[in-house]
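Let's go through this one together, in questions and answers. Have the sequence and the model open as you read.

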Amino acid sequence: MDFGIFLPIANNGWIISKNSPQYMPTFELNKEVTIKAENMGLDFVLSMVKFRGYGGETEHWDYAMDSFNMMAGLAAVTERIGIFATVQPLTLHPAMAARMAATIDDISNGRFGMNVVAGWNKYEYSQMGLWPGDEFYNDRYNYAEEWLTVVKGLWDNGRLTHKGKYFDLDDCLCQPAPVNKSNPPIVCAGMSEKGLRFTVKHCNVNFVAGDLEQITSVSAKGKQIAAEMGKEIKTYALYTLIAADTDEEAQSIYQHFIDGTDQDSFSGLQTARSNDKAGSTTEKLLGDIYLAPTLTGAPETIVDFIEHLSTNTEVDGLLFAFPDFIKDTDYFEEKILPLIEARGLRNKVIQKIEA
Ligand SMILES: Cc1cc2nc3c(=O)[nH]c(=O)nc-3n(C[C@H](O)[C@H](O)[C@H](O)COP(=O)(O)O)c2cc1C
């Protein structure tokens with residue numbers, strides 16, 4: 001299994017509660033988490049893209065930094081770990097994204113990758129006058145497909161003439177090319193049929209989120225589509241880890257967060273997600289106040305579950321969020337990672353370096 005961290009680039013992480021740790025996103029916080037991840041030998045860090053959150057007292061995700069700039073900064077202060085930024089195609093011309101990615105690829109010496117999200121919350125884009133209309137929910141993966149074709153064309157050749165439905169490039173230059181020439185890994189989180197097909201066709205890794213049944217079926221479906229297309233795809237599952245020395249303790253932390261639900265913010269999220277009738281977000285991704293599914297329990301319980309995913313599903317890696325990204329990553333390193341390694345659940349261990 002590969003392991004990564006979903007960086008806290010927006011306020012308060014992935015729990016919409018007044019009782020969970022409250023914090024603002026800063027470069028210093030993200031740097032500290034990323035250096036910890038690198039020092040413990042994890043494979044990658046990834047930041048999401050977010051332009052508007054859900055209001056309420058906690059103003060959940062109403063504060064978010066820019067993903068590309070954040071990852072450029074992190075690329076400069078790390079040496080080994082994979083660095084992924086997220087982009088939503090409506091917000092950035094593909095020639096700009098290709099050049100920005102090539103720049104971070106250079107800063108990181110070939111460690112950069114890009115997460116392409118099709119867009120599920122129209123309010124993030126309509127506030128900027130960028131939302132093409134609700135028909136975009138059906139069309140978004142076609143748009144992303146042409147967008148990514150342009151990006152890859154520029155990386156391949158350093159210049160591109162392209163006349164498409166959405167983009168028109170006339171001998172457009174993008175030089176120098178990435179260190180990995182045409183090969184910064186591309187990830188996506190396609191969970192709908194269209195999303196999965198787009199991901200298998202154009203990306204290296206698919207992110208999934210949901211309960212065990214959903215993760216099992218989406219990861220299997222991804223491999224099945226890949227086999228049909230003669231492609232390969234890895235699947236990484238997303239979890240917020242709520243860990244403590246005993247299952248009871250971890251459960252009571254989980255319940256404490258639930259007890260403090262920011263109802264107004266949560267309603268804002270529900271309104272936003274109800275607009276997306278074409279995707280799978282509504283049922284699968286955003287079930288409750290936990291924006292990422294939770295893995296709650298003592299270290300043994302958590303690692304039992306990871307072992308189950310590794311043995312009985314097509315999941316190839318995990319992406320973790322934490323309630324407290326400093327304290328809880330330390331706990332992960334001290335109590336959980338050694339168990340993961342002892343049970344042989346890692347593909348490879350990137351050489352660890354002393355902090
Ligand atoms: C790990 C992970 C990261 C994601 N990052 C973002 C993001 O940065 N911005 C965003 O708008 N959506 C993000 N999403 C949502 C997905 O882009 C997508 O809407 C969702 O997985 C539903 O799939 P569908 O588009 O096929 O319906 C993420 C989902 C996952 C699982």
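A disulfide is taken here as a pair of cysteine sulfur atoms within 2.5 Å. This is a predicted model, in which local features need pLDDT of at least 70, side-chain atom pairs count only at pLDDT 80 or more, and totals for chains, interfaces and linings use all residues. Residues are numbered from 1 along each chain as its sequence is written, and side-chain values use heavy atoms, with hydrogens and water left out.

Q: How many disulfides does a search of the whole structure find?
A: Take Cys 172, whose nearest cysteine sulfur belongs to Cys 174 and is 7.3 Å away. The cut-off is 2.5 Å, and Cys 172 is in no disulfide. For the whole structure, the search total is zero.

Q: Is Cys 174 buried or exposed?
A: Buried means under 20% relative accessible area, exposed over 50%, and partly exposed in between (1.4 Å probe, protein chains only). Cys 174 has a relative accessible area of 1%, so Cys 174 counts as buried.

Q: How are H5 and H6 oriented to each other?
A: Helices are DSSP runs (H or I, at least four residues), and strands are runs of E (at least two), numbered from the N terminus. Helix H5 (residues 136–157) packs against helix H6 (residues 193–202) at about 10°, with axes 10 Å apart; axes are lines fitted to C-alpha atoms, for helices over the stretch in contact, and angles run from 0 to 180 degrees between N-to-C directions. Angles under 35 degrees count as roughly parallel, over 145 as roughly antiparallel, 65 to 115 as roughly perpendicular and the rest as oblique. H5 and H6 are therefore roughly parallel.

Q: Which residue in helix H6 meets Glu 228 in a salt bridge?
A: A salt bridge puts a side-chain nitrogen of Lys or Arg within 4 Å of a carboxyl oxygen of Asp or Glu. Glu 228 sits in helix H7 (residues 212–229), and the pair is 31 residues apart. Glu 228 is exposed at 52% relative accessible area, while its partner is partly exposed at 33%. The N to O distance is 3.7 Å, and the partner in H6 is Arg 197.

Q: How many residues apart in sequence are the parts that Arg 343 and Glu 307 tie together?
A: Their side chains meet in a salt bridge at 2.7 Å, N to O. Arg 343 lies in the segment after helix H12 (327–342) and Glu 307 in helix H11 (residues 299–312), so the separation is 36 residues.
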